[in-house]
Amino acid sequence: MTIKSILLHLTNSPTLAKSIEAAMGLANEHGAHITAVYTIAPMKPSTSFMGYIPPEFVEQTREQEKKSADTTIKLFKELVERADISCSTIIEEGYAIDILSQYALSSDLVVVSQMDADEVSDSPYLYLNDELVVASPTPVLVIPYAGSFRDFGRHVLVGWNNTREAARAIQVAIPFLTKAEKVTLLNINPQSDLTNENARILQFLDRHGVKADLKSGHWKDISVGSALLDSLVDLSADMIVMGAYGHSRIREMILGGATKEVLEQMTAPVLFAH
């Protein structure tokens, strides 16, 4: 897999520049085109829990959203054109998950921002990434809202547990892994002896020119997500690759799970595949 077409989700979030910066870095590194899509939530309600909503209010809201979209698109174009990066922009009204999933069909990678629960402008998209990492037909790279990520992926930490999701994540991450200076596979709380399975995945990576280390351990007092995030810091890694929702997504969202925890608490870019 090569990265030649990047789909970037644009919003009016004040931290949007983080994901634009990351997408630009990847486009420059891989010679890729960026398709930036600004989604506007449907403006169709005629009533609310407080009663009737006048059509003029709906239209006024739509116009405000379009102004925000135009402002964001202008900022994006100025940044990418200054860097001489190929790009195109789209403004589309509808549900973000449906729009992004559709455009992802003709993309190699989707880049989105982590949502900040304390940021009002992020509130319409708080659960978008939870849905997108499952619904997207292509891998999803989530960029934290805090930090600078123009350059990342020198040391990639891979969550490995010999599952379909983990294997898929490794396969789609090859463009990142081949460029990394160091790759570490981390097996958290293995339930059985994975000696043979670990040897096979290391051999698979070696055939792609990736010399990876494998670490295995048990973290008894913390969750898998916390163990992964803690290991990111302990190993001085700057990117995570992991499978998304190895358990039922509903179960994880209700009871908690590694995917949900990482989405909420990430401190480095995370590549998800399902």
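In this predicted model, helix H4 lies across four strands, namely E1, E6, E7 (140-143) and E12 (270-273), and runs at about 170 degrees to E6. Two of the strands that H4 lies across, E1 and E6, are joined to each other by three bridges, with strand E1 covering residues 5-10 and strand E6 covering residues 109-113, and the two run parallel. Within this pair, Leu8 has Val111 of E6 as its bridge partner.

The strands belong to an open sheet of ten, arranged in the order E5-E2-E1-E6-E7-E12-E11-E8-E9-E10, and the pairing in this sheet is mixed. Strands E5 (87-93) and E10 (212-217) stand at the edges, where each has a single partner strand, so one side of each is left without a neighbour in the sheet. From one strand to the next, the twist averages 20 degrees. In general, the strands of a sheet pair through backbone hydrogen bonds, in either a parallel or an antiparallel manner.

Helix H4 (128-135) also takes part in the lining of the second largest pocket, to which strand E2 (33-40), helix H3 (96-104) and H4 each supply at least two residues. The volume of this pocket is about 320 Å³, and among the 19 residues that line it, Thr39, Ala41, Ala96, Pro124 and Tyr125 are the closest to its centre. Strand E2 provides the largest share of the lining, with three residues. By residue class, the lining of the second largest pocket consists of twelve nonpolar, five polar and two charged residues.

Notes. Residues numbered from 1 in each chain as written. Predicted model: local features only at pLDDT ≥ 70, side-chain atom pairs only at ≥ 80, totals over all residues. Heavy atoms only, no water. 1 Å grid on protein atoms, 1.4 Å probe; cavity = no way out; pocket = protein on both sides within 12 Å on 5 of 7 lines; lining within 4 Å. Points joined across faces, edges and corners; volume = space filled by probe spheres on them. Nonpolar A, V, L, I, M, F, W, Y, C, P; charged D, E, K, R; others polar. Pairing = 2+ DSSP bridges. Axes fitted to C-alpha atoms, helices over the stretch in contact; angles between N-to-C directions. Contact = heavy atoms within 4.5 Å.
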